[in-house]
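Reader: Could you take me on a close look at the sheet in this model and at what packs around it? I would enjoy one connected walk through that part.

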Amino acid sequence: MHIMILGKVPPIQGGVSRSTWRAAVDLAKAGHTVDVVSNAAAMAPGFRQMMRDSDRAIMDSHPGLTCHMTDQVAQFAYIPWAPPHLSQLLGLAAQV
């Protein structure tokens, strides 16, 4: 089965991020193809944990699991003055 997850994953801090990641890994280990769409890379530094290259290698080492991250939009490059997180997530999910 091909599964797409839109949600928080590392490097976003917190239990929801960890739970979403573990679910994606478990689904991939069960033989499913999993695409994770997240805005984790676009989060402000205060909301992210530090990710080393070895951490990124672990995330990329699960066969059948692919992470797709939205890009960070420059501040004040959008109207209204609020980040378009949902629009970015849905656009990337449609592209995937």
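**The sheet and its helices**

Author: Gladly! Strands β1 and β2 pair in the parallel sense, with five bridges between them. Within that pairing, L6 stands opposite V37 in β2. Please keep in mind that this is a predicted model.

V37 also leads us to the next strand, since its bridge partner in β3 is H68. Right beside that pair, S38 has M69 as its bridge partner in β3. These belong to the pairing of β2 (residues 33-38) with β3 (residues 65-69), which is again in the parallel sense and runs over five bridges. To get from β2 to β3 the chain passes through helix α2 (residues 53-59), and this β-α-β crossover is right-handed. The other unit, made of β1, α1 and β2, is a right-handed β-α-β unit as well.

Put together, this gives an open sheet of three strands in the order β1-β2-β3, paired in parallel. The edges are taken by β1 and β3, and each has a single partner strand, so one side of each is left without a neighbour in the sheet. On average, neighbouring strands here are turned by 15° against each other, direction ignored.

What about burial in β2? Five of the six residues of β2 are buried, so this strand is largely enclosed by the rest of the structure. As a reminder for viewing any such strand, side chains in a regular strand alternate between the two faces of the sheet.

Now for the helices around the strands. Helix α1 (residues 15-29) lies across β1, β2 and β3, and runs at about 145° to β3.

Helix α3 (residues 85-95) deserves a slower look. Its buried residues are Q88, L89, L92 and A93. They cover an arc of only 130° around the axis, which means that they sit on the same side of α3. The spacing fits a simple rule: an α-helix has 3.6 residues a turn, so residues three or four places apart point the same way. Where does the buried side of α3 pack? The buried residues of α3 pack against β1 (2-6), β2 and β3. On the other side of α3, the exposed residues are L86, S87, A94 and Q95; exposed here means over 50% relative accessible area, while buried means under 20%.

If you want a path to follow on screen, start at L6, opposite V37 in β2, and step across to H68, the bridge partner of V37 in β3. From there, turn to α3, whose buried residues pack against β1, β2 and β3.

Notes. Residues numbered from 1 in each chain as written. Predicted model: local features only at pLDDT ≥ 70, side-chain atom pairs only at ≥ 80, totals over all residues. Heavy atoms only, no water. Pairing = 2+ DSSP bridges. Helix = DSSP H or I, 4+ residues; strand = E, 2+ residues; numbered from the N terminus. Right-handed = clockwise from strand over helix to strand, strands pointing away. Buried < 20%, exposed > 50% of the residue type's maximum accessible area, 1.4 Å probe, protein only. Arc of directions from axis to C-beta. Contact = heavy atoms within 4.5 Å. Axes fitted to C-alpha atoms, helices over the stretch in contact; angles between N-to-C directions.
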